[in-house]
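Q: Please take a close look at one part of this structure, namely the way in which two of its helices pack against each other. I should also like that part to be set in the context of the chain as a whole, with some individual residues described.

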Amino acid sequence: MTVTARRSPRPLCLGGSERMKRLADSLRAFIDSCTASVGSMDIRDLVALLTLAALFFISHTTTAVVFVALVSVTSLLVTRVRRGPWIWLVTALFFAPGLLLNWHHQEDHTYLAVYWCLVLALAFGGRRPLAVLRSNGRVLIGLVFAFAVMWKIITPAFVDGSLFHYKLLFDYRFRDAVTQPIGRLSDVETQRNLESLGKLQAPTSCSSQAVMQYPETVSWLAHGLTWATIVMELALALTFLLRYRWFHHFRNSVLCLFMLSTYTLVPVLGFGMLFASLGIAQTRRREKGARLAYLATALLISVWFYR
């Protein structure tokens, strides 16, 4: 008996464009799934959880950490507690004395956290919590950036680029991420600058200034970062404070961009989590994608911090 073997057909090979299309479809399906999951969550819960995360990052004493841990466990286990006014009022009252008695050592976002806890207490104690959260979240974000850009504009040491000159030369976060790879600052120049600064700051020093060595690109970077900061913060102040319809379409994107560009370089997670919480609070019900973007941004800056 003769058996005839037949060659099975070769599988079709997908071209590059077809593979990219399938990858894009899979990514789109994943994003749609995440958006649906986030959209199904109550805005009050998202805001409460991100605020609790922010409170952890502003707690610098054992007492504060224990207090926030107790508040977080209670809020996570009992929905009625985190959606009620009393837990947030107690939290605001816990942190408020430190702002009054030790104000000169407090971080600026600690003040914002206390304001925000008071807003949550008022919102969750009223009949229209989402409306109160939306209006106050938008205004608080706008005011934060309005005062920030106002301070920068009236401060000569910021406008002339001096602050970023110092940061680029002596703050290791800026120096490692920006100045050396982009500004071409050499290790030798870095060492000489540190030695000059050390001599200037020495108790026995009679000098009033120190000569720093750096390429001209560092000056360009300093001035570029100065005005990029002013422009971005001014844009955030205007888009959140002014209620023009076309401002509303890109305010969330600008805030997420600010969070990513700022808190991956200078990882102030307390501020980042607060902005994510305020940002989600001011979104409308149908803006599921914006809430997902804020959550993803908060996750990214956290992962970058703990990498």
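A: The protein contains 16 helices and 0 strands. The model is a predicted one, and every value below is computed from it. Of the 307 residues in the protein, 39% are buried. Among contacts with a separation of 6 or more, 68% are between residues 24 or more positions apart. The accessible surface amounts to about 18500 Å², and carbon and sulfur atoms hold 64% of that area.

The part chosen for the close look is the pairing of helix 3, residues 62-77, with helix 5, residues 86-101. The axes of these two helices lie 12 Å apart and form an angle of about 175°. Angles over 145 degrees count as roughly antiparallel, and helix 3 and helix 5 are therefore roughly antiparallel to each other. On the side of helix 3, the residues that take part are Thr-63, Ala-64, Phe-67, Val-68, Val-71 and Ser-75. Helix 5 meets them with Ile-87, Val-90, Thr-91, Phe-94 and Phe-95. Sorted by class, this contact comprises 8 nonpolar residues and 3 polar ones, with no charged residues.

Within this contact, Phe-94 may be followed individually. Phe-94 belongs to helix 5, and among its contacts beyond four places in sequence are Thr-63, Ala-64 and Phe-67. These three partners are also listed among the residues of helix 3 that meet helix 5. Between Phe-94 and Val-68 the C-alpha to C-alpha distance is 9.8 Å, and the two residues are 26 residues apart in sequence. Although Phe-94 takes part in the helix contact, its relative accessibility is 31%, so Phe-94 counts as partly exposed rather than buried.

A residue of helix 6 offers a buried counterpart. His-109 is located in helix 6, residues 108-124. Because its relative accessibility is 4%, which is under the 20% limit, His-109 counts as buried. Apart from neighbours within four places in sequence, His-109 is in contact with Ile-58, Val-268, Gly-270, Phe-271 and Leu-274.

Further along the chain, attention turns to helix 11 and the loops on either side of it. Arg-184 is placed in the loop between helix 10, residues 172-179, and helix 11. The phi of Arg-184 is near 60°, a positive value in a residue that is not glycine. In general, most residues other than glycine have a negative phi. Arg-184 has a relative accessible area of 63%, and since this is over 50%, Arg-184 is exposed.

Thr-190 lies within helix 11, which spans residues 187-201. With a relative accessibility of 8%, Thr-190 is classed as buried. Setting aside residues up to four places away in sequence, Thr-190 touches Arg-175, Gln-180 and Leu-185.

Ser-205 is situated in the loop between helix 11 and helix 12, the latter covering residues 216-241. Its relative accessibility of 26% falls between the two limits, so Ser-205 is partly exposed. Beyond four places in sequence, Ser-205 touches Lys-199 and Leu-200.

Finally, the cysteines deserve a remark. No pair of cysteine sulfur atoms lies within 2.5 Å, and a search of the whole structure accordingly gives 0 disulfides. Cys-117 has a relative accessible area of 1% and is therefore buried. Cys-256, at 9%, is likewise buried.

Conventions. Residues numbered from 1 in each chain as written. Predicted model: local features only at pLDDT ≥ 70, side-chain atom pairs only at ≥ 80, totals over all residues. Heavy atoms only, no water. Buried < 20%, exposed > 50% of the residue type's maximum accessible area, 1.4 Å probe, protein only. Axes fitted to C-alpha atoms, helices over the stretch in contact; angles between N-to-C directions. Helix = DSSP H or I, 4+ residues; strand = E, 2+ residues; numbered from the N terminus. Parallel < 35°, antiparallel > 145°, perpendicular 65-115°, else oblique. Contact = heavy atoms within 4.5 Å. Nonpolar A, V, L, I, M, F, W, Y, C, P; charged D, E, K, R; others polar. Areas by Shrake-Rupley, 256 points an atom, 1.4 Å probe, with all protein chains shown as cover.
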